[in-house]
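Please open the structure in a viewer and keep the sequence at hand. The tour below proposes a series of selections and describes what is found at each.

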Amino acid sequence: MEILRYPDKSQWPSLVKRPALDVTTLFGTVREVLDAVRTEGDEAARRYEAKFDGVALADLRVSDEEIREAAGQVDDALKAAIRRAKENIGAFHAAQRFEGCRVTTAPGVVCWQKAVPIEKVGLYIPGGTAPLFSTVLMLAVPARIAGCEEIVLCTPPDKTGRVHPAILFAAHEAGVHKIFKIGGSQAIAAMAYGTASVPKVYKIFGPGNQYVTAAKQLVSLKDVAIDMPAGPSEVEVIADETANPVFIAADFLSQAEHGADSQALLVTDTEAIVDPVVEAIEREMTGLPRKDIVQRSLEHSRIIVLRDREEVIAFTNQYAPEHLIIQTQDYAALAGRVTNAGSVFLGPYTPESAGDYASGTNHTLPTNGYAKAYSGVNLDSFIKKITFQEITADGIRGLGETIQVMAANERLEAHRQAVTLRMKTL
């Protein structure tokens, strides 16, 4: 793990770069999959499942019987945990409901907005080395609260053609019933274009590997909306001399086990904490089941010592982390100065794991610096807002001249006429 002490600001642009692969290099391969599924539908999806996931599927849809069986395969402790997490996620997202109001912008001119759910949404849930049943809750719960009529979920099956039971249980608890055994870019294609089995959706959500990311970027160009650009997961920890090195090490390791391309940063103005954190990371890493993945992630993780808090905050806002953990004595004051981050975790007893699972906030967040412009998934992600306006005769009398002058100066005569003709009748 790289340790940098007092790097000059001219070095910061290179230090905020992520280890992410440029997915545009995969566009050629992914386009083949997208085109095949668009033209051949289920047949192509089954073919790619055999090729990439090593499973021959007669039916892509998860049956009601499989969902019932899955409930019996999930132990009671996990069921209780999933239900409690669902409750907290629901409470947080339900509080985000939009309350519109009617605004009189001028006499006789009234404007307002109405929030309308996106009718059809698609959720992609990775399987692979870590079946992310928590992501089912993070996406399906707000989709249900928003009122989306059709929620489609795609997730890769195992070699026997089964979906992980916890994913199916979480989906059932969240009210998702259209579940398909499709992974990778073929799943994105199926939801973007529709097949005989998989309904076409209007917006696709969810994380995935580099092929899923590339597929989402391509289909978003003209076929369907997506939640946000995505890359490997990341965390930044801000710490001072009051921070517990073991806690920091735990946060580093929990991030690193996401994947070999994940990144963790410690940014501090307290050099004395560096060695204790490094020692704690090496000690706590022993025995982790995903130790190999953790070690590869740590190869491009960093500890950065800066001169003071001003530099720490400036660097943080330039890095724009997906997850930001602040373990300092004055964490509340520092939090108020954060302008670019996906989700912020304050104080010694708020690990990233809480937001990943059960505190209630959403863990589908912008990575790779996109927190400078994007929010994480929230209730608004599943909603579109339609504007309305109503103008009375008195309203068009008062506003008409303004519209006519502006239209005339843009040389849009038909626009001007649409007002002029009305005003002549008054």
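The stops run from the whole chain to salt bridges, then to enclosed spaces, and end at the surface.

**The whole chain**

Begin with the full chain in a cartoon display, bearing in mind that this is a predicted model. The secondary structure comprises 17 helices and 14 strands. Along the principal axes, the C-alpha atoms fill a box of roughly 85 × 60 × 45 Å. Of the 426 residues in the chain, 49% are buried.

**Leu15 and Gln318**

Select Leu15, which is placed in helix α1. Leu15 counts as buried because its relative accessibility is 5%, and the cut-off for that class is under 20%. Now add Gln318 to the selection. The two residues are 303 apart along the chain, and their C-alpha atoms are separated by 9.9 Å.

**Arg18 and Glu234**

How many salt bridges does the structure hold? The count is 21, and several of them merit a selection of their own. Start with Arg18 and Glu234, whose side chains meet in a salt bridge with an N to O distance of 2.8 Å. Arg18 sits in the loop between α1 (12–15) and α2 (27–40), while Glu234 belongs to strand β9 (residues 234–239), so this pair ties together parts that are 216 residues apart in sequence. Are these two residues buried or exposed? Both Arg18 and Glu234 are buried.

**The cavity beside this pair**

Keep Arg18 and Glu234 selected, since both also line the second largest cavity. The other lining residues are Pro19, Ala20, Gly231, Pro232, Ser233, Asp261, Ser262, Gln263 and Asn368. This cavity has a volume of about 40 Å³. By class, its lining has three nonpolar, five polar and three charged residues.

**Further salt bridges**

Move next to Arg83 and Glu173, which form a salt bridge with the closest N and O atoms 3.3 Å apart. Arg83 is in helix α5 (residues 76–94) and Glu173 in helix α7 (residues 165–173), and the pair links parts of the chain that are 90 residues apart. Arg83 is partly exposed, its relative accessible area being 41%.

Then select Glu150 and Lys178, where the side chains meet in a salt bridge of 2.3 Å, N to O. Glu150 lies in strand β5 (residues 150–155) and Lys178 in strand β6 (residues 178–181), so the pair ties together parts 28 residues apart in sequence. The partners fall into separate accessibility classes: Glu150 is buried at 15% relative accessible area, whereas Lys178 is partly exposed at 28%.

To complete this part, display Glu66, Glu69, Arg162 and Lys181 together. These four residues are linked in a network of salt bridges.

**The largest cavity**

Rolling a probe the size of a water molecule over the atoms shows where empty space is left. The structure holds two cavities of 30 Å³ or more. The largest cavity contains about 50 Å³ of space. To display its lining, select Gly206, Pro207, Gly208, Val212, Thr213, Lys216, Gln217, Ile226, Met228, Pro229 and Ala230. Which element gives the most to this lining? Helix α9 (residues 210–219) does, with four residues. The lining divides into six nonpolar, four polar and one charged residue.

**The second largest pocket**

Return to helix α5, this time for its part in a pocket. About 160 Å³ of space lies in the second largest pocket. Select its lining: Leu78, Ala81, Ile82, Arg84, Ala85, Asn88, Phe133, Ser134, Leu137, Tyr357 and Ala358. The elements that give two or more residues to this lining are α5 and α6 (133–146). Of these, α5 gives the most, with six residues. Colouring by residue class should show eight nonpolar, two polar and one charged residue in the lining.

**A nonpolar patch on the surface**

Finally, switch to a surface display and select Tyr331, Val344 and Leu346. Together they form a nonpolar patch with about 210 Å² of accessible area. Val344 lies in strand β13 (residues 343–346). With a relative accessibility of 36%, Val344 counts as partly exposed. The tour ends at this patch.

Note on methods: Residues are numbered from 1 along each chain as its sequence is written. This is a predicted model: local features need pLDDT of at least 70, side-chain atom pairs count only at pLDDT 80 or more; totals for chains, interfaces and linings use all residues. Side-chain values use heavy atoms; hydrogens and water are left out. Patches are made of residues with over 30% relative accessible area and no salt bridge: like charges are joined within 9 Å, nonpolar side chains (Val, Leu, Ile, Met, Phe, Trp, Tyr) within 5 Å. Accessible areas come from the Shrake-Rupley method with a 1.4 Å probe; for residues, only the protein chains shown count as cover. Buried means under 20% relative accessible area, exposed over 50%, partly exposed in between (1.4 Å probe, protein chains only). On a 1 Å grid over the protein atoms alone, a cavity is a set of points where a 1.4 Å probe fits but cannot get out, and a pocket is an open set with protein on both sides within 12 Å along at least five of seven lines; lining residues have an atom within 4 Å of a point. Grid points are joined across faces, edges and corners, and a volume is the space filled by probe spheres set on the points. Ala, Val, Leu, Ile, Met, Phe, Trp, Tyr, Cys and Pro count as nonpolar, Asp, Glu, Lys and Arg as charged, and the others, Gly among them, as polar.
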